[in-house]
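Here's a fold to pick apart, one label at a time. Keep asking where each label comes from.

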Amino acid sequence: NKFKVLKKVRNFHKYVWPKWAQCAQCYKGQTQTLYILRFTGRDSDFSLTKENELKAWQWVWPEQVVQRIDLKRKEVAIKAIEEFKKMGKIYGKANN
């Protein structure tokens with residue numbers, strides 16, 4: 001295992017899908033749990049293939065995420081960063 005769970009926030013983000021998606025998927029929406037993790041492996045442990053949801057990855061400080069993330073994910077990213085900041089100083093950088 002290359003990750004250590006630092007914090008788990010249940011019911012972090014909830015949303016309801018549009019009516020057309022509810023019928024197609026047989027679900028009304030989704031509730032997400034946020035995990036804040038410490039990666040203990042090496043960069044070479046990451047493998048992005050066509051099956052992955054991501055096209056690329058990069059290490060950034062929490063305050064840089066909002067500048068780089070897709071617009072539709074920005075609101076959730078801001079909430080996640082606030083949870084990250086509540087943890088205080090980690091990874092050798094103060095989160096103001």
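What follows is a run of questions and answers about the labels put on this chain.

Q: What kind of model is this, and how are the residues numbered?
A: It's a predicted model, where local features need pLDDT of at least 70, side-chain atom pairs count only at pLDDT 80 or more, and totals for chains, interfaces and linings use all residues. Residues are numbered from 1 along each chain as its sequence is written, and side-chain values use heavy atoms, with hydrogens and water left out.

Q: What makes up the secondary structure of the chain?
A: There are three helices and two strands, and along the sequence they run β-α-β-α-α. Helices (H or I, at least four residues) and strands (E, at least two) are DSSP runs, numbered from the N terminus.

Q: Why is Glu 83 called buried?
A: Buried means under 20% relative accessible area, exposed means over 50%, and partly exposed is in between (1.4 Å probe, protein chains only). Glu 83 has a relative accessible area of 13%, so it counts as buried. Across the chain, 16% of the 96 residues get that buried label.

Q: What is Glu 83 in contact with, leaving aside its neighbours within four places in sequence?
A: Contact means heavy atoms within 4.5 Å. Glu 83, which lies in helix H3 (residues 74-86), is in contact with Lys 7, Val 9, Phe 12, Leu 34 and Ile 36.

Q: What makes Lys 7 and Glu 83 a salt bridge?
A: The label asks for a side-chain nitrogen of Lys or Arg within 4 Å of a carboxyl oxygen of Asp or Glu. For Lys 7 and Glu 83, the N to O distance is 2.8 Å, so the pair passes the cut-off. Lys 7 sits in strand S1 and Glu 83 in helix H3, so this salt bridge ties together parts that are 76 residues apart in sequence.

Q: Why does Lys 7 count as partly exposed?
A: Its relative accessibility is 23%, which falls in between the two cut-offs, so partly exposed is the right label for Lys 7.

Q: How do you know that Glu 83 and Lys 86 meet in a salt bridge?
A: Their side chains come to 3.1 Å, N to O, so they also satisfy the cut-off. Both residues lie in helix H3, three residues apart, about one turn of the helix. Lys 86 has 62% relative accessibility, so it counts as exposed.

Q: What makes Arg 42 and Asp 45 a salt bridge?
A: The closest N and O atoms of Arg 42 and Asp 45 are 3.8 Å apart, so this pair makes the list too. Arg 42 is exposed because its relative accessible area is 56%, whereas Asp 45, at 29%, counts as partly exposed. Lys 2, Arg 42 and Asp 45 are linked in a network of salt bridges, and the structure holds four salt bridges.

Q: What makes the nonpolar surface patch?
A: Patches take residues with over 30% relative accessible area and no salt bridge, joining like charges within 9 Å and nonpolar side chains (Val, Leu, Ile, Met, Phe, Trp, Tyr) within 5 Å. Here Phe 3, Val 5, Tyr 35 and Leu 37 make a patch of about 350 Å², and strands S1 (3-16) and S2 (29-39) each give two or more residues to it. Phe 3 has a relative accessible area of 36%, so it clears the bar for a patch residue. The areas come from the Shrake-Rupley method with a 1.4 Å probe, and for residues only the protein chains shown count as cover.

Q: How do you know that Thr 40 touches residues far along the chain?
A: Not counting residues up to four places away in sequence, Thr 40 touches Asn 1, Lys 2 and Phe 3. The C-alpha atoms of Thr 40 and Asn 1, which are 39 residues apart along the chain, are separated by 8.3 Å. Thr 40 itself is in the loop between S2 and H2.
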